[in-house]
Structures are given as structure tokens and as C-alpha cells.
Amino acid sequence: EITKDLEDIRGDILGKKTLPLNLGKVKASLLARTILIFAWLSLVILCWKAPCEKFFFIALIPITYFIGSALAYLTISDYTKSQCHIKYAFSTFIFFAIFFSALSA
């Protein structure tokens, strides 16, 4: 959501109070990158604790790529592409979660 607010900051100047307007673009971008890194680390920990951990590590490959791409795009202030890669990472996670739960059922 922070990334989306960064993407739409020009329209938000007209009266909305968003995090990038309150903190500034640089701090909001840093916060978004920090949250993405913590989300990825949480996923890695989940993979180690999961009963079928080998399958989840397979899912980490594309998710790591998408999160890394999102972080790179955030760093160069391309918020649209960053938002897109965050959505790809989330969709990949959902797909693999459904796929692996169907395998274990």
C-alpha cells in the first residue's frame, strides 16, 4: 500500500493524507523496502518450519526474484513496476500455497 501511495503521490497532494506525503518520498520508500525485506524473511522462516519444506523452497525461487525486482524498482523510484512485482510475488505465494495444500490433502 505504501508503494501504491508513492505511485499516486501527485494525485494525493489534492487533499489526501498518505504516508509518503507525511514522511516524504525517501522515508516512505525506505519503509516500504524494509517491510518487503521483513516479509521475505518471514516467508523463509515459514519455509523452514513448514511440514513440506522442500516444496516451499521451490516457491521461494520466483518469490525471491519478484521481491528483489520490487526492491530494485523502489530504489530507482519506479513505483509502478515495483507495485507490479509485489503483486506477482503475492500471487505466486497464493498459487503455491493452494497447490501445496492440494498436494498434502
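## Exercises on an all-helix chain

Of the contacts in the chain between residues at least 6 apart in sequence, 51% join residues at least 24 apart. Keep in mind that this is a predicted model. Here are some exercises to work through with the structure open.

**Exercise 1. State how many helices and strands the chain has, and describe its burial and surface.**

*Solution.*
- Step 1: Start with the secondary structure, which comes to six helices and zero strands. Read from the N terminus, the elements are α-α-α-α-α-α.
- Step 2: Turn to burial: of the 105 residues in the chain, 32% are buried.
- Step 3: Finish with the surface. The accessible surface is about 7,000 Å², and carbon and sulfur atoms account for 69% of that area.

**Exercise 2. Check the length of α4 against the expected rise, and list the residues that are buried in it.**

*Solution.*
- Step 1: Helix α4 has 25 residues, and at 1.5 Å a residue it should span 36 Å.
- Step 2: The C-alpha atoms at the ends of α4 are 36 Å apart, so the expectation and the model agree.
- Step 3: The buried residues in α4 are A28, S29, A32, L36, L43, V44 and C47.

**Exercise 3. Place W40 in its surroundings: which residues does W40 touch, leaving out those up to four places away in sequence?**

*Solution.*
- Step 1: Locate W40 in helix α4.
- Step 2: Classify W40. Its relative accessibility is 28%, and because the partly exposed class lies between 20% and 50%, W40 counts as partly exposed.
- Step 3: Look for touching residues beyond the sequence neighbours; these are L60, T64 and I67.
- Step 4: Compare sequence with space for one pair. W40 and G68 are 28 residues apart in sequence, with 9.5 Å between their C-alpha atoms.

**Exercise 4. Find the nonpolar surface patch that contains L19, and say which helices supply at least two of its residues each.**

*Solution.*
- Step 1: The patch is formed by L19, L23, L31 and I35, and together they have about 300 Å² of accessible area.
- Step 2: Helices α3 (19-23) and α4 (25-49) each supply at least two of the patch residues.
- Step 3: Take L19 as an example. L19 sits in helix α3, and with a relative accessible area of 30% it is partly exposed.

**Exercise 5. Count the aromatic pairs, then work out the geometry of the two that involve F95.**

*Solution.*
- Step 1: The count is four aromatic pairs.
- Step 2: In the pair of F95 and F96, the ring centres are 5.4 Å apart and the planes make an angle of 75°. Because an angle over 60 degrees counts as edge-to-face, that is the label for F95 and F96.
- Step 3: In the pair of F95 and F99, the centres are 6.0 Å apart and the planes differ by 10°, which makes this pair stacked.
- Step 4: Why can F95 and F99 be described as about one helical turn apart? They are four residues apart in helix α6 (residues 79-104), so about one turn separates them. An α-helix has 3.6 residues a turn, so residues three or four places apart point the same way.
- Step 5: Add the accessibilities. F95 is exposed at 51%, F96 is buried at 16%, and F99 is partly exposed at 39%.
- Step 6: Elsewhere, Y65, F66 and Y88 form one aromatic cluster.

Terms used: Residues are numbered from 1 along each chain as its sequence is written. This is a predicted model: local features need pLDDT of at least 70, side-chain atom pairs count only at pLDDT 80 or more; totals for chains, interfaces and linings use all residues. Side-chain values use heavy atoms; hydrogens and water are left out. Buried means under 20% relative accessible area, exposed over 50%, partly exposed in between (1.4 Å probe, protein chains only). Contact means heavy atoms within 4.5 Å. Accessible areas come from the Shrake-Rupley method with a 1.4 Å probe; for residues, only the protein chains shown count as cover. Rings of Phe, Tyr and Trp (its six-membered ring) pair if their centres lie within 6.5 Å; planes under 30 degrees apart count as stacked, over 60 as edge-to-face and the rest as tilted. Patches are made of residues with over 30% relative accessible area and no salt bridge: like charges are joined within 9 Å, nonpolar side chains (Val, Leu, Ile, Met, Phe, Trp, Tyr) within 5 Å. A salt bridge is a side-chain nitrogen of Lys or Arg within 4 Å of a carboxyl oxygen of Asp or Glu. The expected span of a helix is 1.5 Å times one less than its number of residues.
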